[in-house]
Amino acid sequence: MPGNPVRPTAVLIVDDEKPMRHALQRFLKGLDLPTLTAASGAEALEVLRASPVALMLADIRMPGMSGIDLVPQALALDPDLAVVMLSAV
């Protein structure tokens, strides 16, 4: 519809474990979803400042900034961001 802003469609994958980031990225790319990745909470915030993101998949347990600590900071940058928390525990 003319006049409506373009909604972001990228999915940000935040996980300190590289194999998990890559597995999720391959799965989402198979669904034709654009993906971005971050290996830490701090890196995720940098990505969120630089790129429009619709959904963030974040690991709960990460060294440094946990996923629990990341969520409020991410939502402060974009209150419309959808968040799904992941855990292998």
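Which residues form a nonpolar patch on the surface? They are Phe 27, Leu 31 and Leu 33, and together they have about 290 Å² of accessible area. The model behind this answer is predicted.

Start with the whole chain. It holds three helices and four strands. Read along the sequence, these follow the pattern β-α-β-α-β-α-β. The chain has 89 residues, of which 33% count as buried. Its exposed area is about 5,600 Å², and carbon and sulfur atoms supply 59% of that. Contacts often reach far along the sequence. Among those between residues at least 6 apart, 64% join residues at least 24 apart.

Now return to the patch. Leu 33 sits in the loop between helix 1 (18–30) and strand 2 (35–38). Its relative accessible area is 32%. A patch residue needs over 30%, so Leu 33 passes that cut-off with its 32%. Leu 33 is classed as partly exposed.

Next, step into strand 2, where Thr 35 lies. Is Thr 35 buried or exposed? Thr 35 is buried, because its relative accessible area is 13% and buried means under 20%.

What surrounds Thr 35? Setting aside neighbours within four places in sequence, Thr 35 is in contact with Val 11, Ile 13, Gln 25, Leu 28 and Lys 29. Gln 25 also appears in a polar contact: its side chain meets the side chain of Thr 35 at 3.2 Å. Leu 33 and Thr 35 thus fall into separate classes, because Leu 33 is partly exposed, whereas Thr 35 is buried.

How values were computed:
Residues numbered from 1 in each chain as written. Predicted model: local features only at pLDDT ≥ 70, side-chain atom pairs only at ≥ 80, totals over all residues. Heavy atoms only, no water. Patch = residues over 30% accessible without salt bridge, like charges linked within 9 Å, V, L, I, M, F, W, Y side chains within 5 Å. Areas by Shrake-Rupley, 256 points an atom, 1.4 Å probe, with all protein chains shown as cover. Salt bridge = Lys/Arg side-chain N within 4 Å of Asp/Glu carboxyl O. Helix = DSSP H or I, 4+ residues; strand = E, 2+ residues; numbered from the N terminus. Buried < 20%, exposed > 50% of the residue type's maximum accessible area, 1.4 Å probe, protein only. Polar contact = N/O pair within 3.5 Å; in protein donor to acceptor, adjacent residues only side chain to side chain. Contact = heavy atoms within 4.5 Å.
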